[in-house]
Amino acid sequence: MAKKRIVSEINKRADRLPPGQHWINYPLIYDIVERLPDFDISKYRLKVWGEVEEDLELTYDEILSFPSIELVADFHCVTRWSVREIQWEGVQTLEILKKVKPKDGANFVMVHCLEGYTTNLPLSYLWEEDSILAYRMFGEIIPKEHGYPLRLVVPKLYAWKSAKYVWGIEIRREDRPGYWEERGYHMLGDPWKEQRFWGD
Ligand SMILES: Nc1nc2c(c(=O)[nH]1)N[C@H]1C(S)=C(S)[C@@H](COP(=O)(O)O)O[C@H]1N2
Ligand SMILES: [Mo]
């Protein structure tokens with residue numbers, strides 16, 4: 001069966017390039033650490049916990065065996081570069097949410113990454129059909145510097161919300177700032193509203 005392929009709605013907007021952005025050809029690598037630790041894939045687990053009916057813990061192989069989709073989506077960094085049509089493959093976050101069943105009043109997410117990075121976003125963005133946990137980029141296993149083993153891709157928000165090296169998804173009642181949000185970046189980060197920093 002042909003794999004389901006989704007082109008993000010953001011690529012079809014009349015105002016496709018958000019205000020204050022310019023196109024470049026390939027995403028620049030941004031990391032909060034100089035050297036990434038080595039990730040032992042046999043010990044890797046994706047964990048989902050918090051305000052949910054059922055916690056979830058998956059090995060890398062279990063993630064690969066989930067129904068997957070191909071996603072084509074533009075990528076917008078708050079430092080004003082944007083990249084057209086990145087091709088990803090992975091599991092829709094809505095599939096994960098259907099498994100864990102968030103409780104009433106669960107409205108936010110904190111995403112945890114293997115090197116210590118965190119980022120927060122409203123839970124509603126993980127119900128969007130173009131939000132995925134990606135393990136392939138342009139047809140290859142996602143390169144280490146772009147997020148191996150697993151990367152959250154949320155095309156509707158600035159790229160700092162698309163966390164690389166994800167190991168944990170914490171479902172929460174209250175919002176709490178992640179790494180960049182604690183340093184002044186916007187709690188939501190909608191590129192079309194230019195929500196770059198607190199107060200924007
Ligand atoms: N774990 C983790 N994810 C991260 C970051 C990071 O430092 N650590 N940087 C973010 C920022 S600021 C951007 S612009 C994008 C860059 O993606 P790339 O490095 O794959 O080009 O990753 C985001 N995800
Ligand atoms: Mo960024």
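Colleague: Starting with ligand 1, how far is one of its oxygen atoms from a polar backbone atom of Tyr30?
Modeller: Keep in mind that this is a predicted model. A polar contact here needs an N or O pair within 3.5 Å. The pair in question joins a ligand 1 oxygen to the backbone of Tyr30, and the distance is 3.1 Å.

Colleague: And on the side-chain side, which residue puts an N or O atom of its side chain 2.6 Å from an oxygen atom of ligand 1, besides His146?
Modeller: His146 has a polar side-chain atom at 2.6 Å from a ligand oxygen. The other side chain with an N or O atom 2.6 Å from an oxygen of ligand 1 belongs to Arg151.

Colleague: How much of the accessible area of ligand 1 does the protein cover?
Modeller: Taken on its own, ligand 1 has 530 Å² of accessible area. With the protein in place, the covered share of that area is 98%.

Colleague: What does the shell around ligand 1 look like by class, and how many of its residues are charged?
Modeller: The ligand is surrounded by 20 residues, and the closest are Leu28, Glu115, His146, Arg151 and Lys164. Sorted by class, the shell has 13 nonpolar and two polar residues, and the charged ones number five.

Colleague: Where does ligand 1 sit, and what is the volume there?
Modeller: Ligand 1 is placed in the largest pocket. The space in that pocket comes to about 390 Å³.

Colleague: Which residues are closest to the centre of that largest pocket?
Modeller: Its lining splits into 16 nonpolar, three polar and four charged residues. Of the 23 lining residues, those closest to the centre are Tyr30, Asp31, Tyr117, Ala159 and Trp160.

Colleague: Any backbone oddities I should look at: what is omega for the peptide bond from Tyr148 to Pro149?
Modeller: Most peptide bonds are trans. Pro149 belongs to the loop between β10 (140-141) and β11 (151-153). The bond leading into Pro149 from Tyr148 is cis, and its omega is near 10 degrees.

Colleague: What about Lys101, what is its phi?
Modeller: Most residues other than glycine have a negative phi. Lys101 lies in the loop between α2 (93-100) and β7 (108-113). Though not a glycine, Lys101 has a positive phi, near 55 degrees.

Key: Residues are numbered from 1 along each chain as its sequence is written. Chains are lettered from A and ligands numbered from 1 in the order in which they are written. This is a predicted model: local features need pLDDT of at least 70, side-chain atom pairs count only at pLDDT 80 or more; totals for chains, interfaces and linings use all residues. Side-chain values use heavy atoms; hydrogens and water are left out. On a 1 Å grid over the protein atoms alone, a cavity is a set of points where a 1.4 Å probe fits but cannot get out, and a pocket is an open set with protein on both sides within 12 Å along at least five of seven lines; lining residues have an atom within 4 Å of a point. Grid points are joined across faces, edges and corners, and a volume is the space filled by probe spheres set on the points. Ala, Val, Leu, Ile, Met, Phe, Trp, Tyr, Cys and Pro count as nonpolar, Asp, Glu, Lys and Arg as charged, and the others, Gly among them, as polar. A residue is near a molecule or strand if one of its heavy atoms lies within 4 Å of it. A polar contact is a pair of N or O atoms within 3.5 Å; within protein, one must be able to donate a hydrogen and the other to accept it, and residues adjacent in sequence count only if both atoms are side-chain atoms. Accessible areas come from the Shrake-Rupley method with a 1.4 Å probe; for residues, only the protein chains shown count as cover. A molecule sits in a cavity or pocket if more than half of its atoms lie within 2 Å of its grid points. Helices (H or I, at least four residues) and strands (E, at least two) are DSSP runs, numbered from the N terminus.
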